[in-house]
Amino acid sequence: MEPEEPACCGQPRGYRLGAMRGSSTIAGQIEALVMRLDGAAICDGCITDRLNLSVTAQANAVTRLLPGQRGFERSKAACALCGTTRLVIRRSVK
Ligand SMILES: [Zn+2]
């Protein structure tokens with residue numbers, strides 16, 4: 001199935017990044033987005049684009065903290081959305 005974004009993505013799912021300072025909403029949105037991709041990799045640039053963040057650094061601040069948590073992994077690979085090989089985040093789901 002295609003990782004398409006529904007227009008409304010406002011359901012709180014209870015995901016939380018305890019270490020984030022003042023940006024738990026963005027962190028939660030990024031986690032939810034990565035989870036919806038169901039194991040597909042996504043780069044910071046595409047996260048920024050998908051969530052309408054103002055700068056890539058906002059996505060990066062979250063994705064660099066995710067690895068090691070609940071199956072998130074960060075590695076250099078092809079982004080499933082833009083196809084560019086760069087640092088991407090994904091979640092191994094089983
Ligand atoms: Zn991308």
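Two strands are taken to pair if DSSP finds at least two bridges between them. In this predicted model, that criterion is met by strand β1, spanning residues 42–43, and strand β3, spanning residues 85–91, which are joined by 2 bridges and run antiparallel. Within this pairing, Ile42 stands opposite Ile89 of β3. Strand β3 is also joined to strand β2, which covers residues 72–78, through 7 bridges, and these two strands likewise run antiparallel; here Arg86 in β3 is the bridge partner of Ala77. The connection between β2 and β3 is a hairpin with 6 residues between the strands, and Gly83, located in the turn, has a positive phi of about 80°.

The chain as a whole contains 3 helices and 3 strands, and these elements follow the pattern α-β-α-α-β-β when read along the sequence. Of the 94 residues in the chain, 23% are buried. Among contacts with a separation of 6 or more, 49% are accounted for by residues 24 or more positions apart.

Helix α2, formed by residues 44–50, includes Ile47. Ile47 is classed as buried because 26 other C-beta atoms lie within 10 Å, where the cut-off for a buried residue is 20 or more. When residues up to four places away in sequence are not counted, Ile47 touches Ile30, Leu33, Ile42, Ala59 and Thr63; one of these, Ile42, is the β1 residue that stands opposite Ile89 in β3. Ile47 and Leu81, which are 34 residues apart in sequence, are separated in space by 9.6 Å from C-alpha to C-alpha.

Notes. Residues are numbered from 1 along each chain as its sequence is written. This is a predicted model: local features need pLDDT of at least 70, side-chain atom pairs count only at pLDDT 80 or more; totals for chains, interfaces and linings use all residues. Helices (H or I, at least four residues) and strands (E, at least two) are DSSP runs, numbered from the N terminus. A residue is buried if 20 or more other C-beta atoms lie within 10 Å of its own, exposed if 12 or fewer, and partly exposed in between; C-beta atoms are placed from the backbone. Two residues are in contact if their C-beta atoms, placed from the backbone, lie within 7 Å.
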